[in-house]
Amino acid sequence: MATAQDVHVRICNQEIVKFDLEVKALIQDIRDCSGPLSALTELNTKVKEKFQQLRHRIQELEQSAKEQDKESEKQVLLQEVENHKKQMLSNQTSWRKANLTCKIAIDNLEKAELLQGGDLFRQRKTAKESLAQTSSAITESLMGISRMMSQQVQQSEEAMQTLVNSSRTILDANEEFKSMSGTIQLGRKLITKYNRRELTDKLLIFLALALFLATVLYILKKRLFPFL
């Protein structure tokens with residue numbers, strides 16, 4: 001049966017994957033963004049929040065790895081942590097490149113609008129709508145995966161709660177067993193003491209009976225055979 005620590009590790013891994021997908025989706029939105037700068041700024045703010053959540057979960061996974069009892073399991077988890085960190089660095093590099101590409105595209109479009117006027121604006125609007133549709137489809141797909149990951153995380157949390165409740169029940173039963181063991185040991189000692197006392201009583205009765213018979217025989221001897 002999986003331990004609470006194993007469930008926590010699985011939840012960390014699932015949420016790391018979820019945040020990684022969300023970061024990738026936002027980076028794709030930045031690549032497709034054609035302005036204005038306020039829209040780009042809003043996307044960058046969301047990316048920063050997701051990176052912060054991702055970094056926090058990776059740190060939790062690293063702490064869980066250090067708390068593992070078995071060295072082999074510890075090394076496997078630490079390798080997973082290292083892979084997640086490399087992936088996060090790769091996402092950060094992609095994020096910077098996407099920002100640079102987006103800013104260059106916005107600058108070029110603004111220059112072209114100044115030179116060509118309204119026709120370019122219409123072309124830009126059409127291209128923006130097309131890119132927005134493509135981006136929306138990609139984002140929806142990634143969000144669907146994210147929702148599925150969230151459901152798995154919720155199921156894992158419920159499993160962890162069930163595991164915690166089972167562990168508490170086992171601990172209570174163990175305490176009750178210890179109490180019963182103490183009672184049984186006390187009863188065993190009392191029975192042993194009673195058996196010894198019974199043996200002593202039997203011996204005393206036997207001695208008393210022997211003494212009584214000896215007395216009776218002595219009296220009969222004196223009366224029936226006084227010359228002996």
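I began with Arg57, which at 14% relative accessibility counts as buried (buried is under 20% relative accessible area, exposed over 50% and partly exposed in between, with a 1.4 Å probe and protein chains only). Before going on I noted that this is a predicted model, in which local features need pLDDT of at least 70 and side-chain atom pairs count only at pLDDT 80 or more, while totals for chains, interfaces and linings use all residues. I also noted that residues are numbered from 1 along each chain as its sequence is written, and that side-chain values use heavy atoms, with hydrogens and water left out.

**Entry on the fold**

I looked up the secondary structure and found four helices and zero strands in the protein chain, arranged along the sequence as α-α-α-α (helices are DSSP runs of H or I with at least four residues, strands runs of E with at least two, numbered from the N terminus). Of the 228 residues in the protein chain, I noted that 25% count as buried. For contacts (heavy atoms within 4.5 Å) between residues at least 6 apart in sequence, I recorded that 77% join residues at least 24 apart.

**Entry on the salt bridges**

I then searched the whole structure for salt bridges and recorded five (a side-chain nitrogen of Lys or Arg within 4 Å of a carboxyl oxygen of Asp or Glu). Returning to Arg57, I found its side chain in a salt bridge with Glu60 at 2.3 Å, N to O; the two residues are three apart in helix α2, and are therefore separated by about one helical turn. I noted further that Glu15, Arg57 and Glu60 are linked in a network of salt bridges.

I next took up Lys50, whose salt bridge with Glu22 has its closest N and O atoms 2.8 Å apart. Because Lys50 lies in helix α2 and Glu22 in helix α1 (residues 4-32), this pair ties together parts that are 28 residues apart in sequence. I compared the exposure of the two partners: Glu22 is buried, with a relative accessible area of 8%, whereas Lys50 is partly exposed at 22%.

The salt bridge between Lys85 and Glu62 has its closest N and O atoms 3.4 Å apart, and I noted that it links distant parts of the chain, with Lys85 in helix α3 and Glu62 in helix α2, 23 residues apart. Here I found Lys85 partly exposed at 29% relative accessible area, and Glu62 partly exposed at 21%.

**Entry on the aromatic pair**

I looked for aromatic pairs and found one in the structure (rings of Phe, Tyr and Trp, the last by its six-membered ring, with centres within 6.5 Å; planes under 30 degrees apart are stacked, over 60 edge-to-face and the rest tilted). The rings of Phe51 and Trp95 have centres 5.5 Å apart and planes at 40 degrees, so I entered the pair as tilted. Since Phe51 belongs to helix α2 (residues 37-66) and Trp95 to helix α3 (residues 71-116), the pair ties together parts that are 44 residues apart in sequence. I recorded both Phe51 and Trp95 as buried.

**Entry on the surface**

Last, I turned to the surface and noted that the protein chain exposes about 16,300 Å², of which carbon and sulfur atoms supply 60% (areas by the Shrake-Rupley method with a 1.4 Å probe; for residues, only the protein chains shown count as cover). I found a nonpolar surface patch of about 780 Å², whose members include Leu209, Phe212, Leu224 and Phe225 (patches are made of residues with over 30% relative accessible area and no salt bridge, like charges being joined within 9 Å and nonpolar side chains, Val, Leu, Ile, Met, Phe, Trp and Tyr, within 5 Å). Leu224 has its place in helix α4 (residues 118-224), and I noted that at 57% relative accessibility Leu224 counts as exposed.
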